[in-house]
Amino acid sequence: MKTRLRRAMLILSCSTIVSCATGSAPHRDGVEAFDSGDYETSIELLEEATRQNPGNMTYQLDLKTKRDQAIQRLVAEGDAARAAGELDAAKASYNRALKIETRNGRALRGLDAVAMDRVHMEMVEQAQSMLDRGDVDGAGAKLRAVLSEDPGMRAARDILEKIESAKPPVSLTPRLRTANDAPVTLQFRDASTKMVFEVLSRQTGINFIFDKDVKTDGKTTIFVQNVPIEQAIDLILGQNQLGRQILSHNMVIVYPNTPVKQEEYQDQVIKTFYVTNTEPKQFSEMLKTMLNAKTVFVDPRAGSVTMRDTPEVVRMAESMLASVDIPDAEVLIEVEVMEITRTKMEQLGIQYPTSVTLSPTPLAGDPLVIADLRGQDSTTIQITPVPITLDLAKEVGTSNLLASPRIRARNHEKAKVMIGQRVPVITNSVTPTNNGSSVVTGSVQYVDVGLTLEVEPTVHLDNEVAIKVNLEVSNIIREIFNSTSGTLAYQIGTRNANTTLRLRNGETQILAGLINDNDRDTSNHVPGLGDMPVLGRLFGSKKTSGEKTEIVLSITPRIIRAQPRPASENTEFWYGTESNLRSGPLVTATSSSSAGGSASRNYGGAAGTSRGTADRDSGADTTGANEPPPSRLELNWDGPGQVSVGEEFTVSLKVNSQAGLGTLRTQVRYDHGALELASMDVGDFIPSRLSGSTTTEIQERAGRAKLEMGGAMDDPISGSGTLVTLRFKALTARPTSMIAVQQFAATGADGKSVPVMAPRPLNVVVTQ
C-alpha cells in the first residue's frame, strides 16, 4: 500500500514539474528578450506568462518590474538623443515607450518637446537667414523668443552671443533709417522747431507726426556735424522738452515729454524672468530701487518675476538679472580632529586603619549596663577588624581620538558635523496631592556629547576662503543620581574654540594648543610616624595621578565651484538721465556710420530762411551720399579658457580687415596679479617689410602691452591673420583672469579712421 502511494505521489510531482516548465516558457523568453533590448516583445511574453499562470506572484512581479524598467530606459534614451540633437531617434524611443504604456506622461511630454525642438530649429534657421541678410535686430528678437521657451538650446545661444558681441545693445523698438543711411549735419540758429523737422523730413524721408499739444512757438539752435539721424532728433527734442515714439523705420510721433503723454505714447512690454540662483523678492526690490519699476509681480512658487515697463527698461532688467543671478560658490572643507589623552597613576605604601572600635560584652544579660564594665577584660571586649593594605599600583595609559569629516558647504551657509552621542538627562518633578501620595512626572532631555564642528565659509573672488570655525569637544566626567527624586544628570567637561580663518584654496591650517593638564597628589599616613623623612613611607600610602589631553584641528578648504564673474556688458551699461532712460549715450564720440569718413548730408540754415533756400544757404554737401558704409575691422581672441598655476600658454589677437590699413595702434591689458607676460611677438598679419616701423612695449607693473605700426600709407595692408602673439605664465589661481583690448585705432590709406569691431575680453580660469 505504501509503495503504491509513493508511486502516485511521484507521478503527480512529475506532472506538476512538466506543467510548470511548459507555463514558464513565455516567462523565460520574455526575460531573455528584455536582456537583449527587445522591450516590446519582452512585455508581450511576460503578459502571456501571467495570463497562463494568474496565480503566480513571481510572474506578476516580473511583469510590473520589467515594464517600469523598460519605460524608464526608453524615456532616458529619448532624453539623451534629444539632448544630442537627434530628434528622429528621440521620437522613436518615446514611441516605443508609448507602445508599452499608451498614456505614459514622460513619453508624451518627450514627444511634445521633440515637436517644439523642430519648431525652434526652424526659427534658428530663419534667424540665421535674417542675419545673413543683415537684419540683426530681427534675428536677435527671434533668437530671444527661442531662448525664452528653451534656455538650454545651444545653437540659438551661440548665434545670439555672436550678435551681442558684434553690436551694441539692441532696442526692442524699431530703428530709424534715412533714405541713404548717411549721417546728418545741422546748422540752425533760433529756428522754428517744426521747420527744422520739416527740413529733416524732406531730406531724409522720415515722416514726423506732431501731437496736438506740441507748442508751435518752439525755437531750436543746433550746430552738429556727421551725427546719426536718431541722435540728431534726440538733441532737438531735448532742447524743447519733447519726446518721441518710433512707429516704424521712417515714421516718428513727437509729443510733449510729460508723464501724461509718456503714459499715452510709450509702448510697454511684459517680461517674465525665471530666477535660479537669487531670491525673486530681492530681485524685484532691485528692479524697483534701480529702475523705478512700478508694475512688478513675484511668484515664489515658480521662482519668477514678471514686470511691465518700456522696452529699454526691460532690456536693462535683463542685464541686471544676468549680473546677479549667478550660482553660489561651493567649497569642500576637509577637517581632521585629533584628541590625544595621556594618563598616569602611581600608588605606593601601606594603608593602615584609620579607626578602631572597642565594644564591651554584656555579662548579666542584655542590654549592657554600667555594672558590666567592672568585669570586662581582654576576653570580653570586642574589637573591629584591623586590616593593613599594601599598595603597589602603577598605571600608564594613552588614548587617541581621530575624526576626519569632509563637509561640502555653499557660500555664506553654515554646515555642522556632530560625532558622538546624545545622552539622556532624566528630570522628575514631584507634585503633592490632597490624598497624601505625590505625583511624580518625569521628562527626558538629550545633550550632545562628543565632537561638534560648525563651519561657515565665505568664498572670495580672489580664490581665498574665509571660514568661521566653531569647535566643541565634550565628554562625560561622572554621573549624578539623586535617589530621592530619581533625577539622573551628568557632569560634562567641554572645550571650545571659535575663530575665523582666511585661507587660500588648498591651504592647510592647524589649530593646536587646546591642552588640559591635571596632576593630583594624595597622601594617607599615620599621624606622627608618617611625617618622618624616610621611615614615614612605611607608615602611610601616597597616590600620584595625572591626565593630559590635547586637541589638534587641521582644516583645508578646496573650492569645488567658484563664483563666476558676469560679463562686463551686464555689470555696466548705459542708464540715461533721471527723467529719460536710454540704452546708450545721447551722442557718441565716434559713430559707426561716420568713423569711416563717409559723407554726411548737411541740413539747416539761418533763422528766417525760407524752406526753398534752406539747403542752398546751409551749404549742404551730398557728395558720396550713395556710397555704402565701409566694412568694419574685426578683432578676435584665440586662447585657452583654463590653465593651471605655473603653466605657460599662448594667446593670439586675430584681425580681419577688408579695408587697407596704413597705421594701427593697440593696447592690451591683462590681470598682472595672476598672469605674467613673458613675451610679445608680432604676428603674420604685419609683413616683414614693416618690421622696422613696428614697435612693441610691455608694461609689466601696469599690466599693459602696446603695439604700434606705421609706414604702410603708401602700401596699405589688408586681409586676415594674427596681429600679435602673447605668451603668458599663470602665477596665482583665480576664478577668472581677463585679457582685453583696451585701445585700438586704425587708419586707412586716405588717413581716415577705420571703424573697429572690438572683441569680447578673453576670460581665463587659473586653477591650482
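**Loop, strand, helix pair and cores in a predicted model**

Biologist: Threonine 361 is found in the loop between β10 (358–359) and β11 (382–383). How does threonine 361 count by relative accessibility: buried, partly exposed or exposed?

Modeller: The model is a predicted one. Buried requires under 20% relative accessible area and exposed requires over 50%. Threonine 361 has a relative accessibility of 23%, so it counts as partly exposed.

Biologist: Which residues does threonine 361 contact, leaving aside its neighbours within four places in sequence?

Modeller: Threonine 361 lies 18 residues from threonine 379 in sequence, with their C-alpha atoms 9.2 Å apart in space. With neighbours within four places in sequence left aside, the contacts of threonine 361 are Leu368, Asp372, Gln376, Thr380, Ile381 and Gln382.

Biologist: Is serine 554 buried or exposed?

Modeller: Serine 554 has its place in strand β19 (residues 540–561). Leaving aside neighbours within four places in sequence, serine 554 is in contact with Glu334, Val335, Glu336, Thr508, Gln509 and Ile510. Its relative accessibility is 11%, and therefore serine 554 counts as buried.

Biologist: What is the relative orientation of helices α4 and α6?

Modeller: The axes of α4 (residues 57–83) and α6 (residues 105–132) come within 10 Å and cross at roughly 15°. Angles under 35 degrees count as roughly parallel. The crossing angle therefore makes α4, relative to α6, roughly parallel.

Biologist: How many nonpolar, polar and charged residues are in the contact of α4 with α6?

Modeller: The crossing of these two helices is left-handed. From α4, the contact draws on Gln72, Val75, Asp79 and Arg82, and from α6 on Arg106, Ala107, Ala113, Val114 and Asp117. By class, the residues in the contact of α4 with α6 are four nonpolar, one polar and four charged.

Biologist: Which strand supplies the largest share of the largest nonpolar core?

Modeller: Of the 36 residues in that core, Trp637, Leu723, Phe728 and Ile739 touch the most other members. Strands supplying at least two residues each include β21 (633–638), β24 (675–682) and β28 (734–748). The largest share, eight residues, comes from β23.

Biologist: Which residues does phenylalanine 728 touch, not counting those up to four places away in sequence?

Modeller: Phenylalanine 728 is among the members of the largest nonpolar core that touch the most others. Not counting residues up to four places away in sequence, phenylalanine 728 touches Glu647, Glu648, Phe649, Val651, Tyr670, Leu675, Glu676, Leu677, Ala678 and Ile739.

Biologist: How many residues does the second, separate core hold?

Modeller: In soluble globular proteins, nonpolar side chains tend to be buried together. The second core includes Leu176, Phe197, Leu200 and Val214, and its residues number 26.

Definitions and conventions. Residues numbered from 1 in each chain as written. Predicted model: local features only at pLDDT ≥ 70, side-chain atom pairs only at ≥ 80, totals over all residues. Heavy atoms only, no water. Axes fitted to C-alpha atoms, helices over the stretch in contact; angles between N-to-C directions. Helix = DSSP H or I, 4+ residues; strand = E, 2+ residues; numbered from the N terminus. Parallel < 35°, antiparallel > 145°, perpendicular 65-115°, else oblique. Left-handed = near helix turned anticlockwise from the far one by under 90°. Contact = heavy atoms within 4.5 Å. Nonpolar A, V, L, I, M, F, W, Y, C, P; charged D, E, K, R; others polar. Core = buried A, V, L, I, M, F, W, Y, C linked by side-chain atoms within 4.5 Å. Buried < 20%, exposed > 50% of the residue type's maximum accessible area, 1.4 Å probe, protein only.
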